[in-house]
Each structure stands twice: as structure tokens, then as C-alpha cells.
Amino acid sequence: MHGFANPARFLRIARWLMPLCMGAGLVVAAAALGWGLFVAPAERLQGETVRIVYLHVPAAWLGMAGWMSIAAASFAELVWRHPLAGIAARASAVPGAVFTGVCLVTGSLWGRPAWGTWWVWDGRLTSMLVLLFLYFGWMALSQASEAADGGQNKAPAIFGLVGAVNIPIIHYSVIWWNSQHQPPSITVGKSAMSGDFLYPLLFAMLGFTLVFAGCVLARMRAILADQQAEARLRRKARADVEAF
């Protein structure tokens with residue numbers, strides 16, 4: 001793992017891996033959405049409204065996965081001081097926040113015909129909204145740290161680890177508390193969903209996960225490019241001062 005933390009080696013890998021993930025993800029996600037929207041049958045009780053599941057569930061999964069990426073990178077930054085760990089956390093924040101927002105919007109659109117209301121303050125929805133606010137807080141803290149001391153402050157990494165406490169709350173909220181949200185339909189080793197719905201959903205999750213990975217790699221490359229450009233400018237300014 002330490003070998004991949006070398007920025008030059010990472011950039012060589014990301015140069016071909018990023019377009020591969022992005023291209024394959026877009027193709028698989030588009031095919032899965034087409035399958036779910038136009039081929040899969042309507043659900044017996046929810047009818048056509050169930051088709052939003054092919055976007056809502058992958059968005060929920062990636063909203064949580066984005067924060068777990070921040071937490072894992074924060075742990076690596078604090079314990080092993082990986083040079084790319086903080087960059088990986090910064091790169092994961094925006095895609096994670098976007099997917100969390102998509103989850104909340106699609107959930108609201110689905111809840112209106114299913115529950116008769118756009119929003120209910122139950123455990124699952126409230127903890128997912130808290131996750132979005134955590135993303136906003138982490139990004140603001142990270143930007144402040146970068147502006148103040150070049151990202152040397154460890155506060156964002158600590159916040160990333162502490163915020164991970166919300167992930168199991170999101171997952172188990174429908175079990176711990178009375179909720180209008182349905183329990184998990186897919187668990188380890190089994191599924192309560194018919195194959196007509198399950199297979200396009202799994203392909204949608206795979207496609208959007210690849211898109212997420214491509215976005216993170218692209219953002220990491222952009223952040224590294226900015227840092228390298230800034231370092232070159234500092235060296236040039238120092239050389240100009242010494243020459244003067």
C-alpha cells in the first residue's frame with residue numbers, strides 16, 4: 001500500500017485507470033437504468049414509482065461509501081501519514097456529498113406517492129440529512145485548514161473519523177427505531193427482492209460505483225496538479241528573491 005502512496009506512481013496508474021472507471025461506469029449505469037426503467041416490470045404494490053430505486057439505492061450506498069472513504073483516508077493519514085491520504089479524503093468529499101443529495105431528493109420524490117408526504121423525520125431520513133451536513137462541515141473545515149497551514153492541520157482527519165459514527169446509525173436506523181422507511185431488502189448472502197428488480201439494481205450499483213471511483217481519481221489528479229503548480233510557483237518566487 002505504501003508503494004501506491006507515491007504521487008508519481010499514483011499518477012501513472014490513475015492516468016489510465018480514471019478514464020477506464022469513468023467510461024465503464026457510465027456505460028454500465030446507463031444500461032442498468034435503461035433496463036430498470038424500460039424492461040423491468042412495475043412492482044405489484046408501488047407500481048411504476050418503484051423504478052426510482054435504480055437511482056435512489058446506488059446514491060444512498062455511495063453517499064455512505066463516500067464518507068467511509070474519508071474515514072479510511074483519515075485513518076491512513078493519522079496513523080501512517082500517507083502522502084496521498086488527505087488528498088484522497090478531499091477528492092471523495094464532493095462526489096459523496098452529491099450522491100447523498102441525490103439520495104435525499106429521490107427519496108423525497110419516492111416518498112410522496114408511497115407515504116403521502118415529501119418528508120418524515122424518521123431515523124433513516126434524518127441520519128441521511130445529518131450525513132449531508134457532515135459533508136458540508138468537513139469540506140469547510142478542510143478548506144480552512146488548507147488556507148491556514150497548507151493542509152497540515154489534522155482536524156479534518158479527526159472529524160472524518162468521528163463522523164463515521166453516523167454510518168452504522170444510517171444502516172441500522174430502520175431496525176432500531178420505528179420507521180416508515182422499509183427495512184433492508186438486500187443483506188449479506190440473501191435478498192428479499194425478485195430477480196427482475198435485483199439484477200438491474202446490482203448493475204446500477206456497480207455502474208455508479210465505477211463512476212464514483214472515476215470522479216475521485218479525477219479529483220485526486222486535479223488536486224495533485226494544483227499542488228505541483230503551486231510548488232513550482234513558490235520555487236520560482238524563491239529563486240527570484242535570491243537572484244535579486
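Helices, in what follows, are DSSP runs of H or I with at least four residues, and strands are runs of E with at least two, numbered from the N terminus. With that in place, good morning, colleagues. The structure before you is a predicted model.

Let me start with one segment to which that definition applies. Over residues 197-218, the chain is 100% helix and 0% strand. The C-alpha atoms at the two ends of this segment lie 32 Å apart. Residues 123-144 give a comparable entry: 100% helix, 0% strand, and end C-alpha atoms 31 Å apart. Both segments appear in the UniProt record, in an unreviewed entry, under the annotation "transmembrane region". That annotation also covers residues 16-39, 59-80, 92-111 and 156-177.

I turn now to the chain as a whole. It contains seven helices and two strands. Following the sequence, one meets the order α-α-α-α-α-α-β-β-α, with the two strands placed before the final helix. The chain has 244 residues, of which 41% count as buried. If we take contacts between residues at least 6 apart in sequence, 77% of them join residues at least 24 apart.

Next, I should like to present two helix pairs. The opening pair is helix 2, residues 53-79, with helix 5, residues 155-163. Their axes come within 8 Å and cross at roughly 130°. An angle of that value makes helix 2 oblique to helix 5. The crossing of these two helices is left-handed. On the side of helix 2, the contact is formed by Trp67, Ile70, Ala71, Ser74, Phe75, Glu77 and Leu78. Helix 5 contributes Pro156, Ala157, Ile158, Phe159, Gly160, Leu161 and Gly163. By class, the residues of this contact comprise 10 nonpolar, three polar and one charged.

The other pair is helix 4, residues 123-149, with helix 6, residues 166-176. How do these two helices pack? Their axes are 8 Å apart, and the angle is about 160°. Because angles over 145 degrees count as roughly antiparallel, helix 4 is roughly antiparallel to helix 6. Here, too, the crossing is left-handed. From helix 4, the residues in contact are Gly123, Arg124, Ser127, Met128, Val130, Leu131 and Leu134. They meet Asn166, Ile167, Ile169, Ile170, His171, Ser173 and Val174 of helix 6. This contact divides into eight nonpolar, five polar and one charged residues.

To close, I return to the overall picture: a predicted model of a chain with seven helices and two strands. Thank you for your attention.

Notes. Residues are numbered from 1 along each chain as its sequence is written. This is a predicted model: local features need pLDDT of at least 70, side-chain atom pairs count only at pLDDT 80 or more; totals for chains, interfaces and linings use all residues. Side-chain values use heavy atoms; hydrogens and water are left out. Axes are lines fitted to C-alpha atoms, for helices over the stretch in contact, and angles run from 0 to 180 degrees between N-to-C directions. Angles under 35 degrees count as roughly parallel, over 145 as roughly antiparallel, 65 to 115 as roughly perpendicular and the rest as oblique. A crossing is left-handed if the near helix is turned anticlockwise from the far one by less than a right angle, and right-handed if clockwise. Contact means heavy atoms within 4.5 Å. Ala, Val, Leu, Ile, Met, Phe, Trp, Tyr, Cys and Pro count as nonpolar, Asp, Glu, Lys and Arg as charged, and the others, Gly among them, as polar. UniProt positions are given in the numbering used here, feature names are shortened, and annotations may be inferred rather than shown by experiment. Buried means under 20% relative accessible area, exposed over 50%, partly exposed in between (1.4 Å probe, protein chains only).
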